[in-house]
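This report concerns a predicted model. It addresses helix packing, burial and cysteine residues.

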Amino acid sequence: MDDTALVLGGGGPVGGAWTLGVLAGLAEAGVDPAAAGTVIGTSAGAVHGTRLACGEDARTLYERQLAGLDGVEMDVTLARTARFLWAALPTRDPERSIRRLGRAALTARPAPGPGLHDTVRTLLGGHTAWPDRPLWITAVEAATGRVEAFHAGTGIDLVDAVAASCAVPLLWPPATALGRRWIDGGTRSTGNLQLAAGHRRVLAVTPVPAAVGPHPDARQQAAALRAAGTPTTLVVPDAEARRAMGRDLTADARRPAAARAGHRQGRAAAAALTGRR
């Protein structure tokens with residue numbers, strides 16, 4: 001492993017399928033994401049980053065998406081959740097907006113359906129222990145709006161960490177861990193590229209590059225890393241991939257097409273990366 005940080009952003013089941021396609025395409029074309037020294041995952045990226053860090057093969061995870069496996073029942077669309085998020089953020093002050101969102105999330109009623117922890121345990125494919133390699137899982141503290149990067153040394157159970165990262169407001173209630181309440185790690189930034197500062201290189205795969213409210217988006221975060229001297233590659237869905245993904249990132253039927261679109265982009269990104277070396 002090298003000192004590359006692999007940053008995987010959030011984007012629901014469909015965005016996650018696209019991400020796995022990108023990772024498989026990268027690996028097949030000579031850029032192995034499993035070689036990254038640190039994996040940083042947010043929301044759906046936390047799920048797939050965990051499975052990758054625990055030793056699962058990107059190609060196998062991609063093929064599971066093509067086969068319709070690893071689905072999740074979500075009774076609230078991300079489009080509806082996005083409307084809730086925007087309604088909770090009517091201010092241009094980033095810190096004030098995220099605290100307001102946290103308060104709104106604490107009072108929101110969850111949708112019916114499987115519980116968050118049960119869903120996460122299923123999606124993790126049986127992984128319940130932190131891997132030996134560095135894995136960071138992001139969540140946002142509901143009371144303060146602060147981003148936390150959980151890892152093996154923070155004293156939190158792996159399933160609890162991933163559940164906190166996936167606690168989408170309106171869909172699930174905030175997760176409780178370490179005596180605090182947590183909401184989805186992507187409620188400030190779906191990518192959280194800023195956490196990769198200090199690594200020699202950064203490879204970020206972000207299915208939803210936009211930020212929530214007045215926070216820096218993935219492209220701005222990538223630009224900040226480059227300005228600080230860190231070579232950073234950011235892969236986001238192109239126009240063809242966005243058409244394949246559609247607007248509802250919870251639409252299970254979209255996952256195979258999104259994964260194929262990501263695979264195409266991953267191979268193209270790998271060619272560009274290897275061509276620069």
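## Cysteine residues

At 25% relative accessibility, does Cys-54 count as buried or as partly exposed? Cys-54 is partly exposed, because its value of 25% is not under the 20% limit that defines burial. Cys-166, at 10% relative accessibility, falls under that limit and therefore counts as buried.

Across the whole structure, the search for disulfides returns zero.

## Burial of helix 2

Helix 2 covers residues 44–53. Ten of its ten residues are buried, so helix 2 is largely enclosed by the rest of the structure. The buried residues include Ala-44, Gly-45, Val-47 and Thr-50, and among them are also the charged residue Arg-51 and its neighbour in sequence, Leu-52.

Just after helix 2, Gly-55 adopts a positive phi of about 105°.

## Packing of helix 2 against helix 3

Helix 3 spans residues 58–66 and packs against helix 2 at an angle of about 135°, the two axes lying 10 Å apart. Helix 2 and helix 3 are therefore oblique to each other, since an angle has to exceed 145 degrees to count as roughly antiparallel.

On the side of helix 2, the contact involves His-48, Arg-51 and Leu-52; on the side of helix 3, Ala-58, Leu-61, Arg-64 and Gln-65 take part. By character, the residues of this contact comprise three nonpolar, two polar and two charged. His-48, Arg-51 and Leu-52, which meet helix 3, are also buried.

Key: Residues numbered from 1 in each chain as written. Predicted model: local features only at pLDDT ≥ 70, side-chain atom pairs only at ≥ 80, totals over all residues. Heavy atoms only, no water. Axes fitted to C-alpha atoms, helices over the stretch in contact; angles between N-to-C directions. Helix = DSSP H or I, 4+ residues; strand = E, 2+ residues; numbered from the N terminus. Parallel < 35°, antiparallel > 145°, perpendicular 65-115°, else oblique. Contact = heavy atoms within 4.5 Å. Disulfide = S-S within 2.5 Å. Buried < 20%, exposed > 50% of the residue type's maximum accessible area, 1.4 Å probe, protein only.
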